[in-house]
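Open the model in your viewer and keep the selection box at hand. We will move from stop to stop, and at each one you will hear what to select and what is there.

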Amino acid sequence: MVPNKGQVLFVGVSMLSLLSSSFATVRYQPEQVHLSYGEKERSIVVTWSTGNKTDSIVKYGGGDQLLQSKSGSCTLFVDGGHKQASQYIHRVTIYYEDPDSLQPETKYYYHVGSDLGWSPVFWFVTPPMNLTGWAPSIAIYGDMGNVNAQSLPRLQSETQAGLYDAIIHVGDFAYNMDDSDGEVGDEFMRQIESIAAYVPYMTTVGNHESAYNFSHYRARFSMPGPYENMMFSFNMGPIHFISFSTEYYYYLRYGFKMLVKQYEWLENDLKEASHPANRTVRPWIITMGHRPMYCSNKDNDDCTLVKNRLRYGLTPLRLFALEDLFYKYGVDLEVWAHEHSYERFWPLYNYKVYNGSFDKPYTNPKAPVHIVVGSAGCQERVDSFNALPPWSAFRSSDYGYSRIKVHNATHLNLQQVSDDLDGEVIDDWWLIKEMPRIKFPLAEQMTTEENQIIEPSNVLKGL
Ligand SMILES: [Fe+2]
């Protein structure tokens, strides 16, 4: 039988659809590679994404050949948008104590993937054997964005030149990770691969990560601890870093329970870090939260208000007030972002300046020091300022980022780099705490009742 025109067309269309389905796009190729510190001291977590499910393998080595290998696992992440775009997020942890694993102060080359596809080769350098004697350098900033990530090229150049041991991003990553069904988040993670694949990229959550109850932030990063990156602490040299969510205070629609849990966790972590046995070997405590307690910007953000939620607590009972808590445990430095500017404050407690002395305000200060570092980039442009209040020491609306350079257990050097001024250091100051360290003067008198710190365990009982 000779086929008619209709039959020929039907067979042709069927063959075409068969061919197109057999050549459907696959995404085995690893991308968005980034590092972080793991659960155990000296462990490194390597995280990356693929479109299709594959094995999760890191091949690494101290020389040209990647002779060592470590396997992990992957989880499926589905964006909450209309397309329900999905990807597999892979995690492999490399522990120092594994036989034949990492050696101190060694440059390791690595690539990630599976037999279906491998990433380019990246490298990282392990810290020295004596961890508390280590004097690391850290870049720290917030509010970068996918569009107008102005500080990124300079950070790429400096990171790959070996200037930093880690990078800390204090919230507001891609503007926003969930936009365009998660494509903006993917592109941002590809952008930062050029720094985050070389040094641990440690994070703090911001308001721009709020979509779908912070699901992109919780899924894409791999911070230590059981709270999906929302609160955790880690050590670098003589510093104990604490990262927490200021967003629990503002997105109460996602529930109250995690705010209660976080306050309890913060107090426990601070208590342990302040124990003399720990504080002696690791004297510096630095906190990172996205929205500041203090700022002098010309906007109506909460930090412009005396009774802002973080500092003063949730009214009317002053629930979960953080200024008293951080003061009580002698936090040295509080790093914030959210305001698209840089601001350094005098040592400060309850709007009162507690300088170490007139000549040396940051030598043995009598209260924590706050800085705001939210000027890395993003399309929302920079923020301007109100008239200079007496508690603000230095401010700039240049795009840029900060550096924390550990000198030793008594001296920290801090710098603010202006990207607008081609990398010029526009603020350079030392935070000095001589031994034996003096306690903040009012901390001795602080009791739960006097300072209206609500014990969270009592609140939890009511939930
Ligand atoms: Fe923000």
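## Stop 1: a helix and its cover

Select helix H2, residues 152–160, and colour Leu152, Leu155, Glu158 and Thr159, which are buried. Buried here means that 20 or more other C-beta atoms lie within 10 Å of the residue's own; exposed means 12 or fewer, partly exposed is in between, and C-beta atoms are placed from the backbone. Helices (H or I, at least four residues) and strands (E, at least two) are DSSP runs, numbered from the N terminus.

Before going further, a word on the ground rules. This is a predicted model, in which local features need pLDDT of at least 70 and side-chain atom pairs count only at pLDDT 80 or more, while totals for chains, interfaces and linings use all residues. Residues are numbered from 1 along each chain as its sequence is written.

Now look down the axis of H2. The buried residues of H2 fall within an arc of 130°, so they line one face of the helix; the arc is that of the directions from the helix axis to the C-beta atoms. An α-helix has 3.6 residues a turn, so residues three or four places apart point the same way.

What covers the buried residues of H2? Add strand S10 (137–141), strand S11 (166–170), helix H3 (183–196) and strand S22 (400–406) to the selection, since the cover includes them. Cover is a matter of contact: two residues are in contact if their C-beta atoms, placed from the backbone, lie within 7 Å. Just after H2, click on Gly162, whose phi is positive, near 85°.

## Stop 2: two domains

Next, colour residues 28–129 as domain 1 and 130–444 as domain 2. These bounds come from an automatic or database domain assignment. The C-alpha centres of the two domains lie 26 Å apart. Their contact takes 27 residues from domain 1 and 29 residues from domain 2.

On the side of domain 1 that touches domain 2, the elements giving two or more residues are strands S1 (31–37), S2 (44–50), S6 (86–94) and S9 (122–125). Which of them gives the most? That is S1, with 7 residues. By class, this side of domain 1 has 13 nonpolar, 8 polar and 6 charged residues. In that count, Ala, Val, Leu, Ile, Met, Phe, Trp, Tyr, Cys and Pro are nonpolar, Asp, Glu, Lys and Arg are charged, and the others, Gly among them, are polar.

For the annotation, select residues 138–342: the unreviewed UniProt entry gives this range as "domain: Calcineurin-like phosphoesterase". UniProt positions are given in the numbering used here, feature names are shortened, and annotations may be inferred rather than shown by experiment. Over that range the chain is 33% helix and 16% strand, with its end C-alpha atoms 17 Å apart.

## Stop 3: an alternating strand

Select strand S3, residues 57–61, and show side chains. Val58 and Tyr60 point to one face and are buried, while Ile57, Lys59 and Gly61 point to the other and are not.

Extend the view to strand S4 (residues 68–71), which runs antiparallel to S3 and is joined to it by 4 bridges. Strands count as paired if DSSP finds at least two bridges between them. Val58 stands opposite Lys70 in S4, and a hairpin joins S3 to S4 through 6 residues. S3 also has 5 bridges to strand S7 (residues 107–114), again antiparallel, where Ile57 stands opposite Gly113.

## Stop 4: backbone details

Most residues other than glycine have a negative phi, and most peptide bonds are trans. With that in mind, select Thr315 and Pro316, which are joined by a cis peptide bond with omega about 0°. Pro316 lies in the loop between helix H7 (309–312) and helix H8 (322–328). A cis bond also joins Met435 and Pro436, with omega about -5°; Pro436 lies in the loop between strand S24 (424–432) and helix H9 (456–461).

Now go to Asp172, whose phi is positive, near 60°, in the loop between S11 and H3. Is Asp172 buried or exposed? Asp172 counts as buried because it has 28 C-beta neighbours inside 10 Å. Asp422 has a positive phi near 60° too, in the loop between strand S23 (411–418) and S24, but Asp422 counts as exposed, with 8 C-beta neighbours inside 10 Å.

## Last stop: Ser418

Finish at Ser418 in strand S23. Ser418 counts as buried, with 20 C-beta neighbours inside 10 Å. Leaving aside neighbours within four places in sequence, Ser418 is in contact with Ser396, Asp398, Gly400, Glu424 and Ile426.
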